[in-house]
Amino acid sequence: MVGSRKPTINDVAAAAGVSRATASRALSNYGRIAEETVDRVRKAADQLGYRPNQVAQAMRAGKTKTIGLVIIADFTNAFFDRVTKSIVDSAKSAGYQVLIANTDENIEVERQAVQNMLEKQVDGIILTPSTVAVHDHLTPKAMGGKPLVLIDRRLGSLKTTSVTTDDFKGAEEAARHAYSLGHTRFGFLIAVPGVKGFTRERPAMMISPIEERVDGFAHGAVECGVKQKNMHWFFSEDHPVASQSAAAALLDLPKPPTVILTSNNDMLLAVLKVAGNRRLRIGQDISVITIDDSEWAQAMVPGITVVSRPVEEVGRLAVEKLVKQIEDKAPLFDKIVLPTELVARESVANLKLRPELDPEFQGSRDD
């Protein structure tokens, strides 16, 4: 009898009539032990109510079966809420738990989050880097040899595995789609970490997916023949006050764009709010395209045209690549780039079929 105290492995061994080492091996499922002995030990453990110290077991085995996930804070973002669920589900299927931290796009918070994960003895980390400028805390030495996989964003000078999407091609296709429907006046509303308020000047340094979207939008528009004077860029802080002010500034231009391409759902929401306040009809008075699909983008009337990214696949592959490094105890340096897909809905007016929706047509008719 063990009384009111918690039963120990020694109690289990005594009840099963085996040594402490045999009881430990039987409960941990390692070593060569007769099946009858394993059954007797486990039955004794159940009768005593013994629960093994999983942390101690993990430390002895050199693995905690946990993954650290360090991402930005906004789980309302169409990408990060879905990729987080995918990572958690995929990790669970592989026998791992996930510890989650957020960074608020702050490099110092990111540093501390990574350090906390390492102190908790995670087996590896999946990370969305806050900036391309600083990453000395992510070197193999700083990580203590723990494997690292980046998602959504790449760090060109850091040798590690990354899982991203082809945002350049997706943005380029969005611009070409708008042009194919008769749009020649483009507005671009881009969320950029580190920007305060909004500006028309392109920031000198941007995270990799934003840079690819900007370059993709621009390349698609230029290749279609859109004039530079008809392309208006606003780079905004990812905050409602800033993004809505930027959206209003776009619509207040002497010759406002007929279509606005936004870099994420937060920028899209800013355009929708400003347009709604002005009683502008989406898909008629103003057209919009954004990056990343969501249930609300599909459910809106009209539905929002999007560049859809394989978010769940990003999460699944990130876990797969990280677990492989953990299990094989060998680094990987894969650069995985997944394709995007343009999903055309009704938020982009067809100015070729309905030229009366084009302010230029209205002006020429008045003349």
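**Exercise 1. Place glutamate 320 on the scale from buried to exposed, then find its charged partner.**

Step 1. Glutamate 320 has a relative accessible area of 37%, so this residue is partly exposed. On this scale, buried means under 20% relative accessible area, exposed means over 50%, and partly exposed is in between (1.4 Å probe, protein chains only).

Step 2. A word on the source: this is a predicted model, in which local features need pLDDT of at least 70 and side-chain atom pairs count only at pLDDT 80 or more, while totals for chains, interfaces and linings use all residues. Residues are numbered from 1 along each chain as its sequence is written, and side-chain values use heavy atoms, with hydrogens and water left out.

Step 3. The partner is arginine 316, which forms a salt bridge with glutamate 320, the closest N and O atoms being 2.9 Å apart. A salt bridge here is a side-chain nitrogen of Lys or Arg within 4 Å of a carboxyl oxygen of Asp or Glu.

Step 4. Arginine 316 is partly exposed too, because its relative accessibility is 34%. Both residues lie in helix α12, 4 residues apart, about one turn of the helix. Helices (H or I, at least four residues) and strands (E, at least two) are DSSP runs, numbered from the N terminus. An α-helix has 3.6 residues a turn, so residues three or four places apart point the same way.

**Exercise 2. Find two salt bridges that link distant parts of the chain.**

Step 1. The structure holds 23 salt bridges. One of them joins the side chains of aspartate 167 and arginine 213 at 2.8 Å, N to O. Aspartate 167 is in helix α7 and arginine 213 in helix α8, 46 residues apart, and both are buried.

Step 2. Next, look at arginine 309 and aspartate 292, whose salt bridge has its closest N and O atoms 2.8 Å apart. Arginine 309 is in the loop between β11 and α12, and aspartate 292 in the loop between β10 and α11, 17 residues apart.

Step 3. Arginine 309 counts as buried because its relative accessibility is 4%. The value for aspartate 292 is 4%, so this residue counts as buried as well.

Step 4. Now put the pairs together: Asp167, Arg213, Asp292 and Arg309 are linked with Glu105, Asp152 and Arg153 in a network of salt bridges.

**Exercise 3. Describe helix α10 and its surroundings.**

Step 1. Helix α10 covers residues 265-277 and reaches 18 Å from its first C-alpha to its last, close to the 18 Å expected at 1.5 Å a residue. The expected span is 1.5 Å times one less than the number of residues.

Step 2. At the N-terminal end, asparagine 264 caps α10, with a side-chain oxygen 3.0 Å from the backbone nitrogen of aspartate 266. After the helix comes arginine 279, whose phi is positive, near 60°.

Step 3. Among the buried residues of α10 are Met267, Leu268 and Val271. The helix's buried residues pack against β6, β8, α9, β9, β10 and α11.

**Exercise 4. Explore the surroundings of threonine 262.**

Step 1. Threonine 262 sits in strand β9. Its relative accessible area is 0%, so threonine 262 is buried.

Step 2. Not counting residues up to four places away in sequence, threonine 262 touches Met267, Leu268 and Val271, and its other contacts include Leu189 and Phe217. Contact means heavy atoms within 4.5 Å.

Note on methods
A polar contact is a pair of N or O atoms within 3.5 Å; within protein, one must be able to donate a hydrogen and the other to accept it, and residues adjacent in sequence count only if both atoms are side-chain atoms.
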